[in-house]
Amino acid sequence: MHPLAQTALTFLYISSTWKSAACSGMGIVGGKEVKPHSSPWMVSIQCNNHHFCGGTLIKDQWVLTAAHCKRQCEKPASMTVLLGAHSLTKEKDTVRMGIEKPFIPGTFSLKTKADDIMLIKLEKRVKTKGKKIKVKDLPKDGKDVPVGTSCQVTGWGRTRKEANEASDTLRGVEVKIEDRDLCRCLYNKNPMITEDMLCAGNKKTKADACQGDSGGPLVCKKALVGIVSGGYGCGDPKKPGVYTRLSKKHLSWIKSIIKNQYNTTISEGYVSPNAFP
């Protein structure tokens, strides 16, 4: 997923041709606008009020996204999240929240794309009792997703790879989980597709995530199973999108960070781990 746009918010080249889905202004390719507020856990992560990545509200003070998104906005003070939005330009009844701290595992690698996952602690708790802002529960066991499973990706990214602007409204598209071994072959093991990753695409419609969709959720059968990470191009059936899988390892890391941050509030000076347990 995802050619790089040549803008100030453009994501990085991780290798000579790999391109992240995180660039400013990209959206779902081959999809359509979703029903407003049908994904109330969806978050727009912004730098100086410009969208650059998606995210998922997993607790009332925590957003889950991709680790590579942090490079889009190096100063936490410039980073905000927009919650309860459908249109990015119509902020009525939305909530804009500052960032307290981002957390990235020490094992994250730009080179191998391993553990492309980030937790963002918001500056305060968000009210989640309304219809527009809700929490998306994490999976309980981190089981793998069977090949052929139909899933949905949502985001405000580009709607076609040639576009320079993000989609103003939230869009979604159906993709199917692809065989991991086949995906390794298609990518010639660069990156190496591990058990902690998923590949998904849609050969018939060439549907895919694209720039600006990075960090957004991959939802299969109503369960949050992955995070948009990257790929080559947008909508290339020979290069399916690559996702960070919410495996047992990643779920353990998420829980440990949140638990230790809670402990920090009652134990001054406690430092939360920034690597997998």
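Select cysteine 47 and cysteine 73 and display the S-S bond: the torsion about this bond is about 70°, so the disulfide is right-handed. The model is a predicted one. The two sulfur atoms lie 2.2 Å apart. Colouring by secondary structure shows how this disulfide links distant parts of the chain, with cysteine 47 in strand S3 (residues 42–47) and cysteine 73 in the loop between strand S5 (62–65) and strand S6 (79–83), 26 residues apart. With a surface displayed, cysteine 47 and cysteine 73 both prove to be buried.

Next, select cysteine 53 and cysteine 69, which are joined by a disulfide with an S to S distance of 2.1 Å. Here the torsion about the S-S bond is -90°, and the link is left-handed. Cysteine 53 belongs to strand S4 (residues 50–59) and cysteine 69 to the loop between S5 and S6, so the pair ties together parts that are 16 residues apart in sequence. Cysteine 53 and cysteine 69 are both buried.

Proceed to cysteine 183 and cysteine 199, whose sulfur atoms are 2.0 Å apart in a further disulfide. This link is left-handed, with -80° about the S-S bond. Cysteine 183 is in helix H1 (residues 180–186) and cysteine 199 is in strand S11 (residues 197–201); the pair thus connects distant parts of the chain, 16 residues apart. Both cysteine 183 and cysteine 199 are buried.

While helix H1 is in view, select cysteine 185. Which cysteine sulfur is nearest to that of cysteine 185? The nearest is that of cysteine 183, at 9.8 Å, and cysteine 185 is in no disulfide. Because a disulfide requires sulfur atoms within 2.5 Å, this distance rules out a bond between cysteine 185 and cysteine 183. Cysteine 185 is exposed, with a relative accessible area of 59%. The count of disulfides in the model comes to four, among them the pairs visited above.

Turn now to the aromatic rings. A search of the whole structure yields one aromatic pair. Select tryptophan 62 and phenylalanine 103: their ring centres are 5.8 Å apart and their planes stand at 40°, so the pair is tilted. Tryptophan 62 is in strand S5 and phenylalanine 103 in strand S7 (residues 95–103), and the pair links parts of the chain 41 residues apart. Tryptophan 62 and phenylalanine 103 are both buried.

The tour ends with charges over rings. Select lysine 136 with tryptophan 41: lysine 136 lies over the face of the ring, at 4.4 Å from the ring centre. Finally, select lysine 239 and tyrosine 187, where the charged end of lysine 239 sits over the ring of tyrosine 187, 5.9 Å from its centre.

Methods
Residues are numbered from 1 along each chain as its sequence is written. This is a predicted model: local features need pLDDT of at least 70, side-chain atom pairs count only at pLDDT 80 or more; totals for chains, interfaces and linings use all residues. Side-chain values use heavy atoms; hydrogens and water are left out. Helices (H or I, at least four residues) and strands (E, at least two) are DSSP runs, numbered from the N terminus. Buried means under 20% relative accessible area, exposed over 50%, partly exposed in between (1.4 Å probe, protein chains only). Rings of Phe, Tyr and Trp (its six-membered ring) pair if their centres lie within 6.5 Å; planes under 30 degrees apart count as stacked, over 60 as edge-to-face and the rest as tilted. A charge sits over a ring if NZ of Lys or CZ of Arg is within 6 Å of the ring centre and within 35 degrees of the ring normal.
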